[in-house]
Amino acid sequence: MSIGPVVHAEGPVRVLLVDDDPETVADTVPALEACDRLEISAVDDPAAALEAHAESPFDCIVTEFEFDGTAGLDTLLHVRESPNPPPVILFTRLDSEDVVREAFAAGVADVVDKRPTDVQLAVLAHRISNAVVAARQSTELSELYAWLQVIAEQSLVGLYVIRDGRIEFVNEYLSNLLGYDIDEIVGRPITDFIVEEDRAIVDESLKSREHGSVESMSYTVRVSNHADELTTLEITGQRTTVDGEPVVVGTAMDVTARLESERLLRRSERLTRQIISSLPDMVFISEPTELDIVYINDQFENVWGRDVSLLYEDPRSFLDLVHVDDRDQLRRAIDEMFTDIRDGVVDEQYEYEFRFIPEESETIRWANARAVPLLDENGDVTNILGVMSDLTERISHERELAQQNARLDAFARVLSHDIRGPLAVAQGRLELARELGDDGHLDHVERAHRRITDVVEDVLSLARDGRSVLDAEEVSLADAAATAWEMCSSNAGNVRCEIGELPVVEADENRTTRLFENLFRNALQHARSSQDDDSELVIRVGALPSHRGFFIEDNGPGIPGSIRDRIFDSGFSTKDGDGNGLGLGIVRQIVDSHGWVIRVADGGSGARFEVLFDPVGEAGASD
C-alpha cells in the first residue's frame, strides 16, 4: 500500500486566480502578492485552470462564479478528484443568497464578497491562508490515519484499546494470539480471554489506571483460545483520554516460547552450577581479552585457602600464592595466551604446571591449569574456560613409587652382589676350617657375617626411612647428633666431633638420629682413610643462618665435583668392594621423608653437607 508523503502546513502558498475580468485580476494579484507567503498565478477560464493545476498543483484556487454568462464553478470543482485536492474559494459579488448556498453545497471551502476595496482583498488573503492550513491539516490527518492503519496491520506485536474494561480495538496480530476473529473480540470484556487464575491481575491493573494512580504497567498473563490452548502474553499498557473518556492502550506479545526457553536455561544453569560445584577441580570462566573472572566455583577457596571474592576483585591476586620460582613463568604464560587471542592465533588449549603454597600454609603443593578458549559460530573467542587440578597427591604418589622402585632396585643389587660376596667368603673359609682344623679361618667367617649384618641393616633402614613421617614430635637436633656420635665413635681414634647450637624441630627422632649416624660414618669412612694416622679428623655440626637448617662438615679431602651429583644415589660408592653405597642414599630418604632438602656445599678444606628445612626460593637447592 502506497500513501505518499505526509504534507506539512509550512512553506509558501501557491494560489491560482481564475477570473475573466482583467481589471479584477489587475487589482487582486498585486494585493494578494503583498501578503506574506502567497504566490499568485492567474488564468481567465476554468479549463485553463484545470490544465495549470494538473501541470503544477496549486495550494488554493480562487474563482469567479460565472464566465461569459456560463457557470464555471462545476468545472473547477473537478479538482477534488485529484490526490490531496486544494480548497476552492468562490470570489464573486454576493447579489443572491442562492449563489452562496449553491457554492457551499457544491463543496467550496469559502465564499468571499468581490468588492474592489483593500479591506475585502485583505479578507480574501486571510481566508486563503485559513483554507490552506485547514486543507493541509486534513490531509495530514488522513495520511496519518492511513499510516496508523498500516502500522496496526503490519505490526509484529498485538495492539489493543480498552474502554471500561471492554475491548474497543485489537489488530489482527492480537486477534490471532487470542484465537478469535476481530469481530468476536471487540466489545467483550478483556477478562473473557484471560485464564481464571490470572484475571485478578488484569482487574487490578485496569482499576488502578482508571483512577489515575498508575500511568503505565507491565505484567504477564495467560490466555486460552477455542481449543483451550494456553498462550502466555506480556502486556504493557498506558492510560490516556479519548473524547474526554479514559481508555487504556497498549501492546501484547507472545512470550510463551521465551519463558519456556528461560525456564530451561535456568534449569540448565542450575544443573551446570551444581555439577561444577561438585567437581574436585577448580573451574573458572574469564573474559576473552584479559584475565577477568566472571565465575569460579568454591574449590578455589577449599584448595587455595583464600576467599573467592578476592579473586573477583583482583583476578591476578592468586599469583601471590604461586611458588616464587614459578610465578614469573606462569604470569608470562597467561599474558601470551591473551596476546594470542588478540592476534587471532588461538590454540585449542593452554596448559601450565606450577607449585603454590595455600594461604596461611607452609606446604608446597602442585597444580595443573588448563585453559580452553570458547568460540562462537564465527570462530571468535567469547570466554576462557579454565580448570585447575591439585596434582600434589599424584606427584607425591609418583615420587613414592619412583623411590620404591629405586629401593627395590637397590635391594636387588645388594642381594645379587653385596651379600653374594661375603657369603662366598664365609662358605669358603668355613670349608677350609673344617678340612684343615685351623680356627684362624673362622675370624674371616665372622667378619663376613658382620658384613652381611651391616648390609641387611642398611637395606632395612633404607626401606623404613623411605616411608613418610607419621609420628613427628619435637626433636632436639643437638641431642640426636650426640646420640648418633656415641654409636659411631667407639672404634674411632684420633677423631673429634664438635656439636654447636642447633634448633629444635618437628621430626621423627629415630630417623633423625639415623641421619646423623650415617653422615658421621660417611666422614669416618672417607675422610679418615685418606689422612695420616697422626692427623686429627674434626667433624663439626652447626646451624645455618636464621636456623633454616644445619650442616655437617669435616676437614678431610672433600668431595670431588665430578661425583657430587651422584653421591646420594642408592648403590653408588667410591669404596670398591668395601661399601654398599646405601649410606648416603638412606640419608636422602630420611631428609625427603621430612620434606627437607640436602645438598653438597663447598666446605673449603673438606666435605660439607647442608640440610635445609625451607627450600622455597633457595638458589641451588637440590630436589
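On one side of helix α2, Glu-51, Ala-54 and Glu-55 are left exposed. Pro-46, Ala-49 and His-53 of the same helix, which covers residues 46–55, are buried in this predicted model. Looking down the axis of α2, the buried positions fall within an arc of 50°, so they line one face of the helix. The cover over that buried set includes strands β1 and β2, along with β4 (66–67) and α3 (73–76). At the N-terminal end, α2 is capped by Asp-45, with a side-chain oxygen sitting 3.0 Å from the backbone nitrogen of Ala-47.

The strands that help cover α2 belong to a parallel arrangement. Strand β1 (residues 13–18) pairs with β2 (residues 38–43) over six bridges, in the parallel sense, and within this pairing Leu-16 has Ser-41 as its bridge partner. Helix α1, residues 22–33, comes between the two, and β1, α1 and β2 together make a right-handed β-α-β unit. Strand β1 also pairs with β3, again in the parallel sense, this time over four bridges; here Leu-17 is partnered by Val-62. Moving on from β3, three bridges join this strand to β6 (residues 88–92), and these two run parallel as well. Ile-61 of β3 stands opposite Val-88 in β6.

Strand β3 itself (residues 60–63) is worth a look for its side chains. In a regular strand, side chains alternate between the two faces of the sheet. In β3, Cys-60 and Val-62 point one way while Ile-61 and Thr-63 point the other, and all of them are buried.

A separate piece of the fold is built in the antiparallel sense. Five strands make up an open sheet, ordered β9-β8-β12-β11-β10, with antiparallel pairing. Its edges are β9 (166–170) and β10 (216–224), each of which pairs on one side only. From one strand to the next, the twist averages 30°. At the β10 edge, the pairing with β11 (residues 230–242) is antiparallel and takes in nine bridges. Ser-224 is one of the residues involved, with Leu-230 in β11 as its bridge partner.

Further along the chain, two glutamates share an arginine. Glu-553 lies in strand β22, residues 549–554, and Glu-610 lies in strand β24, residues 607–612. The relative accessible area of Glu-553 is 12%, so this residue is buried under the 20% cut-off. Glu-610 comes in at 8%, and is therefore buried too. Both carboxylate-bearing residues reach Arg-608 through side-chain polar contacts: the one from Glu-553 is 2.9 Å, and the one from Glu-610 is 2.8 Å. Leaving out neighbours within four places in sequence, Glu-553 is in contact with Val-538, Ile-539, Arg-540, Ala-607 and Arg-608. For Glu-610, setting aside residues up to four places away, the residues touched are Leu-544, Phe-550, Phe-551, Val-597, Ile-598, Arg-599 and Ala-601.

Arg-342 offers a contrasting setting. This arginine sits in helix α12, which spans residues 324–343. Its relative accessible area is 54%, which is over the 50% cut-off, so Arg-342 counts as exposed. Even so, its side chain has a backbone partner: a polar atom lies 3.0 Å from the backbone oxygen of Thr-289. Arg-342 and Pro-288 are separated by 54 residues in sequence, but their C-alpha atoms are 8.8 Å apart in space.

As for the protein overall, the model has 18 helices and 24 strands. Of its 623 residues, 39% count as buried. Among contacts with a separation of 6 or more, 57% come from residues 24 or more positions apart.

Notes:
Residues numbered from 1 in each chain as written. Predicted model: local features only at pLDDT ≥ 70, side-chain atom pairs only at ≥ 80, totals over all residues. Heavy atoms only, no water. Buried < 20%, exposed > 50% of the residue type's maximum accessible area, 1.4 Å probe, protein only. Polar contact = N/O pair within 3.5 Å; in protein donor to acceptor, adjacent residues only side chain to side chain. Contact = heavy atoms within 4.5 Å. Pairing = 2+ DSSP bridges. Axes fitted to C-alpha atoms, helices over the stretch in contact; angles between N-to-C directions. Right-handed = clockwise from strand over helix to strand, strands pointing away. Arc of directions from axis to C-beta.
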